[in-house]
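This report walks through one protein chain, moving from single residues to the chain as a whole and then to its main pocket. Please keep the sequence and the 3D view open while reading.

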Amino acid sequence: MHPSPARQAPATPICYDNRESAAPDDANITGKCEKSDDVAVNDEYFEQMYHHNTDPWDFTHRWYEERKRALTMAILPRPHFRGIFEPGCSIGTLTALLVDRGEQTLASDLVDAAVTEARKRLSLPLSEGRVHIDRWSLRWSWPNQMFDLIVLSEVCFYFTIPEFEHPIDAACAHLDSGGVLVAAHWRHVVDAYPMTGDEVHERLRRRPDLRPTACYTDRDVLIETFSLAADPVRSVAEIEVLITPLTT
């Protein structure tokens, strides 16, 4: 579910708004939907993507994707987590790295074909019970469990601004005290998507219940970690007692 340089409109996006589920009249002409706060990418868009290609965004071969995964793993403030949740996992390329950092990992995607490919990729940890991969959408009710790492990798810009608050409210409600929320998003404009990556992260930073703790940015990607605002702030050096804890 993630955009990258040559992937902005690989198929005609299917869009919907709160009034009707039909595509705009000009969608077949332009191959795009007008960027609007009232228009979100329909689930059918992702179904169509995987109908034609088991790896529609070329996660397994693009250097952008491999590099983004490495940066996402490197920015995490701890080497190990009790429970990890990665919604929108696609074919499981990032999930395959996350399982080595957690006792239990839950990953999900709304497309059956993506879930099938992810399960193939992670057959060994699946057999060992270290990861569970389910069909699930961020628009649905969240699992009845808590996590100390929630990974939102290029999934939030598909939501309209009003829709966006629901999954983030849920993420905060399911993040353990001392937990980490990591968000990673493509920064360039994709006309079919209601928000850019920069807009997503700006809204995350504005939330009173979240505190930004680390950031990597370049011209293509923005990756940030957040803690719950009520949690004490501790750097990696402080956690490892390399320095005297700083006052905040």
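Cysteine 89 is buried, because its relative accessible area is 4% and the word buried stands for a value under 20%, whereas exposed stands for a value over 50% and partly exposed for anything in between, with a 1.4 Å probe and protein chains only. Cysteine 156 is likewise a buried residue, with a relative accessible area of 2%. A disulfide is a covalent bond between the sulfur atoms of two cysteines. When the whole structure is searched for disulfides, taken here as pairs of cysteine sulfur atoms within 2.5 Å, the search finds zero.

A word on the source is needed early: the model is predicted, so that local features need a pLDDT of at least 70 and side-chain atom pairs count only at pLDDT 80 or more, while totals for chains, interfaces and linings use all residues. Residues are numbered from 1 along each chain as its sequence is written, and side-chain values use heavy atoms, with hydrogens and water left out.

## The chain as a whole

The protein chain contains nine helices and nine strands, where helices (H or I, at least four residues) and strands (E, at least two) are DSSP runs numbered from the N terminus. Of its 248 residues, 50% count as buried. The protein chain exposes about 11,700 Å², and carbon and sulfur atoms supply 52% of that area; accessible areas come from the Shrake-Rupley method with a 1.4 Å probe, and for residues only the protein chains shown count as cover. Among the contacts (heavy atoms within 4.5 Å) with a separation of 6 or more, 69% join residues that are 24 or more positions apart.

## Selected residues

The table lists four residues with their places and their relative accessible areas.

| Residue | Place | Relative accessible area |
|---|---|---|
| Leucine 138 | loop between β5 (131-135) and β6 (147-153) | 10% |
| Arginine 67 | helix α3 (residues 63-75) | 28% |
| Threonine 105 | strand β4 (residues 102-109) | 1% |
| Alanine 192 | loop between β7 and α8 (197-206) | 5% |

What does leucine 138 touch, not counting residues up to four places away in sequence? Leucine 138 touches Pro87, Val155, Phe159, His166 and Pro167. The C-alpha atom of leucine 138 is also separated by 8.7 Å from that of aspartate 109, although these two residues are 29 residues apart along the chain. A similar kind of pair involves alanine 192 and tyrosine 158, which are 34 residues apart along the chain and whose C-alpha atoms are separated by 8.5 Å.

Threonine 105 is buried, and, when residues up to four places away in sequence are not counted, threonine 105 touches Ile84, Thr95, Leu98, Val99, Arg130, Val131 and His132. Arginine 67, by contrast, is partly exposed; leaving aside its neighbours within four places in sequence, arginine 67 is in contact with Tyr216, Asp218 and Val221.

Two further residues deserve a look for their backbone angles. Aspartate 58, in the loop between α2 (43-52) and α3, has a phi near 55°, which is a positive value in a residue other than glycine, and aspartate 58 is partly exposed, with a relative accessible area of 26%. Glutamate 154, in the loop between β6 and α7 (161-173), also has a positive phi near 55°, but glutamate 154 is buried, with a relative accessible area of 0%.

## The largest pocket

About 400 Å³ of space lies in the largest pocket. On a 1 Å grid over the protein atoms alone, a pocket is an open set of points where a 1.4 Å probe fits, with protein on both sides within 12 Å along at least five of seven lines, and lining residues have an atom within 4 Å of a point. The grid points are joined across faces, edges and corners, and the volume is the space filled by probe spheres set on them.

Of the 19 residues that line the largest pocket, Pro77, Thr213, Pro232, Arg234 and Ile239 are the closest to its centre. The elements that give two or more residues to this lining are β7 (175-186), β8 (210-217), β9 (221-228) and α9 (236-239), and the largest share, four residues, comes from β7. By class, the lining has nine nonpolar, seven polar and three charged residues, where Ala, Val, Leu, Ile, Met, Phe, Trp, Tyr, Cys and Pro count as nonpolar, Asp, Glu, Lys and Arg as charged, and the others, Gly among them, as polar.
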